[in-house]
Amino acid sequence: MGDNIGFIPLNEDFSESFTEKDLPKPLPVLALRNAVLFPAVVMPITVGREKSIKLIRESYSGSRLVGTVGQSDPKVEEPEYGDLYRVGTLARILKIFEMPDGAITVLLQGLQRFIIDDFVQKEPFFAAYIRMLVDSEPPKSDKDFGAIIGAVRDSISKMIKFASHLPPEASFAIRNIENHKLLINFVSANIEFENHSDRQVLLEIGDLKERALKLIELLSHEIQLMEIRNDIQQKVRSEMDQQQREYFLHQQIKTIQDELGNNPIDGEVERLAGKAASKKWPAYAKEMFDKELNKFEKMNPMGGEFSVQLNYLDILTDLPWDECSQDNIDLVRAKQVLDEDHFGLEEVKERILEYLSVIKLKGDLKSPIICLHGPPGVGKTSLGKSIARALERTFGRISLGGLHDEAEIRGHRRTYIGAMPGRIIQTINRCKTSNPVIILDEIDKVGSDFKGDPSSALLEVLDPEQNSTFRDNYLDMDYDLSRVMFITTANRVDTIHPALRDRMEMINLSGYISQEKMEIARRHLIPKVLEAHGMRPKQLVFEDSAIETIIDEYTQESGVRNLDKQIAKIVRNKAKTLAMGEKFKRKVSAPDAKKILGTPKIHKEKINSNNFVGVTTGLAWTEMGGEILFVEASLSPGKGNLVITGNLGDVMKESAMIALEYIKSHASGLNIDETLFEKKNVHIHVPEGAIPKDGPSAGITMITSIASIFTGRKVQKGIAMTGEITLRGKVLPVGGVKEKILAAKRAGVSTIILSADNKKNIEEIKQEYLEGLTFIYVETMKEVLDIALEK
């Protein structure tokens, strides 16, 4: 059985004229695959199945009455009893039409609904015992039903406007049907619903009013779908029209430009193809370029994507890919370059030369990435420049401080407006070689937020096993970074991502002693500052006493950055004097430096003025290098409370508590009256309260201050100390020893008390850093107090 093939309006005077005795028993049942016949409707049906053809021919020669039921699944070719609905329509065969292909088309007239009680045969065709169903019609006085019929007419009229498959005569036929039942059944039988089962649902509703309401619901749904389809078709048609219009206009513009000889695309294509012809690059990059260039040729110069595509092709052809500079791994020359550029830092230079030696012997760079860490101003970035100069490679620098967006490393995808490659690819593009020396500055200050974690992106960049296939999102292909020498710098190691730290070889630059700063100022800082201010070396000479005064009284740092600023301040003052034609003194003495720089900022007499009971000098490590700090203790009448001030962290507060408990438990050995602990409050203060302080290394300093205030014995002059303590009175080792020693030398300390376990750290430090210092190694707090407190 096929689909229904058209609308045949029925005379509304039709009546269900048949009698029960006319019905064959059992009734032949015709399975309809894609149609549902309703009472009072005439419908042509194409019959193709053998058993259906046999049924029609036998029935047509007999009573001409058949039962029609729908299939639950239209795809089933040979339905069983279970594939057929139980509610159907009794129909009369009006006429049979023979088709050329052997099928027949039969004109059926719906009479009345029925329900199948029982199937009695399947062959040669279906037959069943049925029971007739009577439709329940509302009374003529029901106004609601009249309104519902009006809604049905409106819905079907609207639907005909959108439905291309409905013939124009359908609207005429529907307008001329006055019988309400006929109208409802006619529309239900002939409208194509989204679900084929919707017609069956309508047929099974016995109440005519309910059937009409359900029909309106289904029609409304179909109208909405048709409106959406119509809108989409209109938009597509409009877009196609616009595209065709633009295409014809572009063709005309291209023809005009060809006539004038100034087609911009041809010029750009020729330029890019010329750059690509002489390019050394991998096969996959060449393939990608050819593909993108072919796409570019077909673009509209006035379109938004034209400039984006042109920029991408320019970057592809500008990148150095397989172009590398020739390394000059002459270790003697490298040592000479490092010595010329940096004074001191012998241990660091030695490690860099060892690193270059491995590269020379091995022939590639698959060795750990160098991380130069230390306080500001010690020459970390300039060391990277020196390495590039020694190898005769180009140099690039990427500042990572405050970086939060992962796309800054990997680049943005070209789908974004304003997309560009990441900083790594941009820097290589500027360097014009694929093997530059690149400094990744301030790697410890990389952040992370909702835009991603740049530290995780750097894992691939700094891993020699992975960076040969680094994929930048903008390029959308691999770029070999294995030939790039990456050198990172940091002030603090603990804030670097652990996995990132694991990929790097750490080289510590702890700082300079005063003698080294003197040499750096003479050799590097003063000549550089004079040149920057337009003065010749012979025009202005700094006496040693002036440099020493600047270092000791105006700077207190591990590096030389502040020293550089103070020298620049003096040179600017002299440059002004020279430019104004005033009396110019060629030499800068210590008094001249003080006059220009003003009141000294560092006072050594203040550092050595801990000549008070309860005041002890300690040593601390900071990002800026080593520092000295004072711990002050005082007693006041009270109930034995401990007060701690000075913006201290939890660890330092705990150290203070441990210190007090130790003193309480050893009071008799220190000749302290134990009743004082209940009558006096102890106040511990660390000056410079605006600066946060934390860490365990001030433990022995706190115990010494508390012991001093309870015993009334001062701490001996020139002594500083550092070490962690335990409740048992053990002194534990601490870190940052070299930085603390430099701070002690700057402060004029002569004796340093340390844990015995720190002795190995002292032995690793060069002798010139230790000159003028005496080290006392201790294991217990009793030793510390015996040494530190005056007798």
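Is tyrosine 479 buried or exposed? The exercises below concern a predicted model, and the opening question is settled within the first of them.

**Exercise 1. Describe the aromatic pair formed by tryptophan 321 and tyrosine 479, and classify the accessibility of both residues.**

Solution.

Step 1. A pair of aromatic rings is described by the distance of the centres and the angle of the planes. A search of the whole structure finds eight aromatic pairs. In the pair of tryptophan 321 and tyrosine 479, the centres are 5.0 Å apart and the planes make an angle of 45 degrees, so the pair is tilted.

Step 2. Next, the two residues are located. Tryptophan 321 belongs to the loop between helix 9 (304–318) and helix 10 (331–341), whereas tyrosine 479 belongs to strand 11 (residues 477–479). With their positions 158 residues apart, the pair links distant parts of the chain.

Step 3. Buried means under 20% relative accessible area. Tyrosine 479 has a relative accessibility of 1% and therefore counts as buried. Tryptophan 321, at 3%, is likewise buried.

Step 4. Both residues also belong to one aromatic cluster, formed by Trp281, Phe289, Trp321 and Tyr479.

**Exercise 2. Determine which element gives the most to the lining of the second largest pocket, and how the lining residues divide by character.**

Solution.

Step 1. The second largest pocket has a volume of about 740 Å³. Its lining comprises 36 residues, and Glu347, Asn508, Ser510, Lys738 and Glu739 lie nearest the centre.

Step 2. Among the elements that give two or more residues to this lining are helix 11 (346–362), strand 16 (615–622) and helix 25 (737–747). Helix 11 gives the most, with four residues.

Step 3. By character, the lining divides into 12 nonpolar, 12 polar and 12 charged residues.

**Exercise 3. Identify what is unusual in the backbone at proline 26, proline 124, glutamate 442 and asparagine 647.**

Solution.

Step 1. Most residues other than glycine have a negative phi, and most peptide bonds are trans.

Step 2. The bond from lysine 25 to proline 26 is cis, with omega near -5 degrees; proline 26 is in the segment before strand 1 (27–32). The bond from glutamate 123 to proline 124 is also cis, with omega near 0 degrees, and proline 124 lies in the loop between strand 5 (104–121) and strand 6 (127–132).

Step 3. Glutamate 442 has a positive phi, near 55 degrees, and is partly exposed at 23% relative accessible area. Asparagine 647 has a positive phi near 60 degrees and, at 38% relative accessibility, counts as partly exposed.

Notes: Residues are numbered from 1 along each chain as its sequence is written. This is a predicted model: local features need pLDDT of at least 70, side-chain atom pairs count only at pLDDT 80 or more; totals for chains, interfaces and linings use all residues. Side-chain values use heavy atoms; hydrogens and water are left out. Rings of Phe, Tyr and Trp (its six-membered ring) pair if their centres lie within 6.5 Å; planes under 30 degrees apart count as stacked, over 60 as edge-to-face and the rest as tilted. Buried means under 20% relative accessible area, exposed over 50%, partly exposed in between (1.4 Å probe, protein chains only). On a 1 Å grid over the protein atoms alone, a cavity is a set of points where a 1.4 Å probe fits but cannot get out, and a pocket is an open set with protein on both sides within 12 Å along at least five of seven lines; lining residues have an atom within 4 Å of a point. Grid points are joined across faces, edges and corners, and a volume is the space filled by probe spheres set on the points. Ala, Val, Leu, Ile, Met, Phe, Trp, Tyr, Cys and Pro count as nonpolar, Asp, Glu, Lys and Arg as charged, and the others, Gly among them, as polar.
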